[in-house]
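These are my notebook entries on a structure that I went through helix by helix and residue by residue. I begin with the burial of one helix and then follow its surroundings.

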Amino acid sequence: MKKDIAIIASVDFELSLIAAYLGAEKLKFHEPIKKDNIILCLSGIGMVNAAIASTRIMELYSPSMIISTGVCGACKDSGLDIGDIALAETEIYGDTGVVMNGDLQDLKTLGLPVIRRSSMEIFNEIPIMNSYKEAIADICNSLGLKLRCGRFVTVAGITGNPEMAQSIQRRWDAICENMEGAAVAHVALLNKIEFMEIRGVSNMAGDRDKSRWDLRLAAENCQRVLCRFIDEHGKDI
């Protein structure tokens, strides 16, 4: 029996290739649609939208897995270039806490968990199981795409200069930044379902010169990987 897989992204160009591949109708924010066992949903930008859309998916479909996807900004020295693929091993609320004299006191320092259960306390960092890491690596290799796995940082506001981006990278030992992933990982963990986050690199974090960005390439490469993943593993999640 096929189990449902949900794929969520913030804006339409991050899901348009997958939607066309599945023959899905035009997507609208917070209105998930289902084709066979694949659920697609646009969340809109940011963590609040991502949490709302993810929760909506859970209420309607109770999927076995949710995948957060889209583009990202690669951190300096991450080994990632524009068009490469990044796979999350941990998701991090990168700017949640208290800023004192330009330095962040994180939630663990403050003693304020975002999740508290009898068996665990989660602060800024949300662990990811990554059952399909090898499968994604094989797919990327077959498509001639470079893959890096590591720690993702989710921020409320994208960093606007290289110095700020490098500060966040050093604090969290991150490979890329985005605006939604930690919220989707949070919802998945609360609902005890498998989570995966895979993104295409569109730019270097902190670089606001859009002449050096390639949103189309990043989104298309990532969706090519996910289309192959659906073909090869969509029936055995």
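I looked up which residues of α6 are buried, and I found Gly181, Ala182, Ala183, Val184, Ala185, His186, Val187 and Ala188; I take buried as under 20% relative accessible area, exposed as over 50% and partly exposed as in between, with a 1.4 Å probe and protein chains only. That makes eight of the ten residues of α6, and I note the helix as mostly covered. For the naming of elements I follow DSSP runs, with helices being H or I of at least four residues and strands being E of at least two, numbered from the N terminus.

I note for all entries that this is a predicted model, in which local features need pLDDT of at least 70 and side-chain atom pairs count only at pLDDT 80 or more, while totals for chains, interfaces and linings use all residues. Residues are numbered from 1 along each chain as its sequence is written, and side-chain values use heavy atoms, with hydrogens and water left out.

**Entry: the packing of α6**

I then looked at helix α2 (residues 47-61) against helix α6 (residues 181-190), and I recorded an angle of about 30 degrees with the axes 8 Å apart; the axes are lines fitted to C-alpha atoms, for helices over the stretch in contact, and angles run from 0 to 180 degrees between N-to-C directions. I noted the crossing of α2 and α6 as right-handed, the term for a near helix turned clockwise from the far one by less than a right angle, anticlockwise being left-handed. On the α2 side the contact is made by Met47, Ala50, Ala51, Ser54, Thr55 and Met58, and on the α6 side by Ala183, Val184, Val187 and Ala188, where contact means heavy atoms within 4.5 Å. Sorted by class, the contact of α2 with α6 has eight nonpolar residues, two polar ones and no charged ones; Ala, Val, Leu, Ile, Met, Phe, Trp, Tyr, Cys and Pro count as nonpolar, Asp, Glu, Lys and Arg as charged, and the others, Gly among them, as polar.

I followed methionine 47, which has its place in helix α2, and found its C-alpha atom 6.1 Å from that of methionine 179, although the two are 132 residues apart along the chain. Leaving aside neighbours within four places in sequence, I listed Tyr93, Thr154, Val155, Ala156, Met179 and Ala183 as contacts of methionine 47.

**Entry: glutamate 91**

I found glutamate 91 in strand β5 (residues 85-93), where glutamate 91 counts as buried at 0% relative accessibility. The C-alpha atoms of glutamate 91 and valine 153 are 6.0 Å apart, with their places 62 residues apart along the chain. Not counting residues up to four places away in sequence, glutamate 91 touches, among others, Gly181, Ala182 and Ala185, and also Glu125 and Glu197.

**Entry: ring pairs and a charge over a ring**

I looked for aromatic pairs and found one, a pair being rings of Phe, Tyr and Trp (its six-membered ring) with centres within 6.5 Å, counted as stacked with planes under 30 degrees apart, edge-to-face over 60 and tilted for the rest. The rings of tyrosine 132 and phenylalanine 229 have centres 5.3 Å apart and planes at 90 degrees, so I entered the pair as edge-to-face. Tyrosine 132 lies in the loop between β10 (125-127) and α4 (133-143) and phenylalanine 229 in helix α7 (residues 215-233), 97 residues apart, so that the pair links distant parts of the chain. Tyrosine 132 is buried at 15% relative accessible area, and phenylalanine 229 is buried at 1%.

I also noted that the charged end of arginine 171 sits over the ring of tryptophan 172, 5.8 Å from its centre; the rule asks for NZ of Lys or CZ of Arg within 6 Å of the ring centre and within 35 degrees of the ring normal.

**Entry: positive phi**

Most residues other than glycine have a negative phi. I therefore noted histidine 30, with a positive phi of about 65 degrees, which is partly exposed at 25% relative accessible area. Asparagine 130 has a positive phi of about 60 degrees, and I found asparagine 130 in the loop between β10 and α4, buried at 13% relative accessible area.
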